[in-house]
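Me: I am new to this structure and would like a guided look. Please take me through it one question at a time.

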Amino acid sequence: MSNGIFGIGLSALQAAQRGLLVTGHNISNTATPGYTRQQVIQSTSDARATGSGFIGQGVQVDTVKRAYNQFLSKQVAQAGTESSQLETYFSQMKQIDSLLAGSIGGSGLSPALQDFFSSLQEIATNPTEAASRQSMLSNAEVLVRQFHSMNSQLDEIQEGVNRQIENSTSLINTLGARIAKLNETINMAESSANGQPANDLRDQRDELVAQLNDEVRAPVVVQSDGGYSVFLGGGQPLVMGSQAFQLTARPSTMDADRLEIAHVMGGSSIPLKEANLDGGKLGGLLQFRNEIIDAVRNGLGRVAIGLAGTFNEQHRLGQDAQGNLGGNFFTTPSPVVAASTDNTGSAVIDAEIVNYRDLDVSDYRLSFDGANYTLKPIRNGVEGNTQTFATFPHTVDGVRLNLASGTVAAGDEFLIRPTAKGAGQIAVAVQDTGKIAAAAPIRTSAPATNTGTGRISAGTVNAPPPTDPNLQQAVTLTFTSATTFDVSGTGTGNPTSVPFTAGGLITFNGWTVQITGTPKPGDTFSIGPNTNGVADNRNALLLGALQSSNTLAAGGASYQGAYGQLVSLMGNKTRELEVTADAQAALLTQTRALQQSEAGVNLDEEAANLLRYQQAYQAASKVIQTANQMFDTLLEITR
């Protein structure tokens, strides 16, 4: 009997001791990241049947269990990866917001635009003043430098994003390898411990999974042996048991300045769709790059190219101080066409802007299936409606595509970026103040001997920029009646009895005039070269009017308006991300608190457990002491 009591006391002593060990382990790991509170699971030993009934045999410790809730842990991982993505997106977005917000201050793009057109107004007021012309050239250089500066800052931001993508990819690979190693270690440890859970190792693995989800969304599938298999959003495996796979960040086949993520398996790497790499820091970086960097770069580029192109068109309609037709005032950047490095054909695709007003902020992906071409606009990382055509040339949003040379093979792809290089490559083409075409190249007149009330307008040069060699040839309109006139000197024949309507447009040789009133037979009107027209400001006025004209976005926005839309869009996006990121961070805090209420270490609770196990230990010791005294008494009786 004493042996039975002794055994019961010993089992109680061992259970209390293990309880003290586990409690102490909990207390010591209160601040350990990822640690889950542990508890002793015990049960009664099998009772022994006697004539008096079943007599208990004490207690046994079955296992040490984690207070782990898989559902709550999954919720924390989900909230964590969403919060990490939004926080990363927002932190990058603040750079763009600062870039654009700074540009509306005293030295940004908006003031530079305003100063440029203000100096143009000075030329219109004083077209003969060399100082006014020099001021315009200087302000044009300032405007161009501001475009270049903003483009350079975008380049720096993109380079920073590329470095972070590389770092995130490397960290994902490291975490995946450590999870795979822990899978192997846990399996070996639990096999040698007769299936008892390796709690601390499991905590370490769960903490690595949480860190992995901070980088990218990585769902976990628990295998039948308790091992973890980790997958990316598109189903690509990152960890399978003790085997880890790798990701690599490499230059895109379509754009060497752009990194793409590829999955490495079996010695080959397969590019992953960026839409499948959401969540975490990597997802935030990719989303920021697709939705913001490209949008801002293309938006700035459209303003730069639209300004250069439309300003050049009007400038070429004028006449400079030497009496020559105006040339290009700005150097207009050309679209960028990149062929995929995987192409098997030799085709070179050429892109040319033919209508600046129709320019969009989209990029375009061109592919060939062997019979037809497919063109997909890409805006903010999202593909738009597909266009299909069989032959070149093909025009889309003011850009004409053509096959410059070579042949296209089935499967070949090309990336067309009409405005991407606009802000970085715009330049001032005019360096001589005398080359500013402030005047109009034609002049109209009517002799004082006319007897009718007819009045001729100053005349305008027809767009597009003149190619008619007879533009500045002297032309005379002689009225033969109140409703007809003859033309002489057109260079292409001398029409007679041309119908006339007061105020109607009269066009020859690339110019247009209007005659109002009622001319009488014999009245003449002359249109000829604007000789010695240095003081003429007609083209300067038309150039200045471009500032407020809706020359971009298919006639829906001015230069300043298009830029203002970009600034407003980015500002609203920044505010939206700030609110969303804060809300998601609060949700993550709440979810973690809920998880920690079940899995975290509560020091007050552990202190109570210490007292409870201490008292149990003392009581068990008393049982053993009593059994020992009973044994000694029996020995005394038998002597």
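**Getting to know the model**

Me: Between which two elements is the loop where Ala553 is found?

Reply: Happy to help! This is a predicted model, where local features need pLDDT of at least 70, side-chain atom pairs count only at pLDDT 80 or more, and totals for chains, interfaces and linings use all residues. Residues are numbered from 1 along each chain as its sequence is written, and side-chain values use heavy atoms, with hydrogens and water left out. With helices (H or I, at least four residues) and strands (E, at least two) taken as DSSP runs numbered from the N terminus, the loop of Ala553 runs between H8 and helix H9 (559-599).

Me: What phi does Ala553 have, although it is not a glycine?

Reply: Most residues other than glycine have a negative phi. Ala553 goes the other way, with a positive phi of about 55°.

Me: And is Ala553 buried, partly exposed or exposed?

Reply: Here buried means under 20% relative accessible area, exposed over 50%, and partly exposed in between, using a 1.4 Å probe and protein chains only. The relative accessibility of Ala553 is 29%, so it counts as partly exposed.

Me: Where is Asn194 found, and is it buried or exposed?

Reply: Asn194 also has a positive phi of about 55° without being a glycine. Its loop connects helix H4 (130-192) with helix H5 (199-215). Because its relative accessibility is 74%, Asn194 counts as exposed.

Me: Which helices and which strand help cover the buried residues of H8?

Reply: Helix H8 covers residues 538-545, and Arg538, Asn539, Ala540, Leu543 and Gly544 are buried there. An α-helix has 3.6 residues a turn, so residues three or four places apart point the same way. Contact means heavy atoms within 4.5 Å, and the cover over the buried residues of H8 includes helix H3 (109-125), helix H6 (280-315) and strand E23 (442-445).

Me: Which residues does Gly533 touch, not counting those up to four places away in sequence?

Reply: Gly533 sits in the loop between strand E31 (524-529) and H8, and at 7% relative accessibility it counts as buried. Pro441 is 92 residues away in sequence, yet the two C-alpha atoms are 8.1 Å apart. Apart from sequence neighbours, Gly533 touches Gln319, Ala439 and Arg443.

Me: Which prolines follow a cis peptide bond from Phe392 and from Ala463?

Reply: Most peptide bonds are trans. Two cis bonds turn up here, each with omega near 0°. One leads to a residue in the loop between strand E18 (387-389) and strand E19 (394-396), the other to one in the loop between strand E25 (460-461) and strand E26 (475-481). Phe392 is followed by Pro393, and Ala463 by Pro464.

Me: How far apart are the C-alpha atoms of Val61 and Ile515?

Reply: Val61 belongs to strand E4 (residues 59-66) and, at 21% relative accessibility, counts as partly exposed. Beyond its neighbours within four places in sequence, it contacts Ala15, Arg18, Val40, Ile41 and Gln42. Ile515 is 454 residues from Val61 along the chain, and their C-alpha atoms are separated by 110 Å.

Me: What distance separates the centres of domain 1 and domain 2?

Reply: Domain bounds come from an automatic or database domain assignment. It gives domain 1 (1-67 + 603-638), domain 2 (73-293 + 555-592) and domain 3 (442-529). The contact between domain 1 and domain 2 takes 11 residues from domain 1 and 8 residues from domain 2. Taken over C-alpha atoms, the centres of those two domains are separated by 55 Å.

Me: What radius of gyration does the protein have?

Reply: The protein holds 10 helices and 31 strands, and its C-alpha trace spans about 160 × 55 × 40 Å along the principal axes. The radius of gyration is taken over C-alpha atoms, and the globule rule is 2.2 Å times the number of residues to the power 0.38. For a compact globule of 639 residues that would be near 26 Å, but the protein has 41 Å.

Me: And what share of the 639 residues is buried?

Reply: Of the contacts with a separation of 6 or more, 68% come from residues 24 or more positions apart. Buried residues make up 44%.
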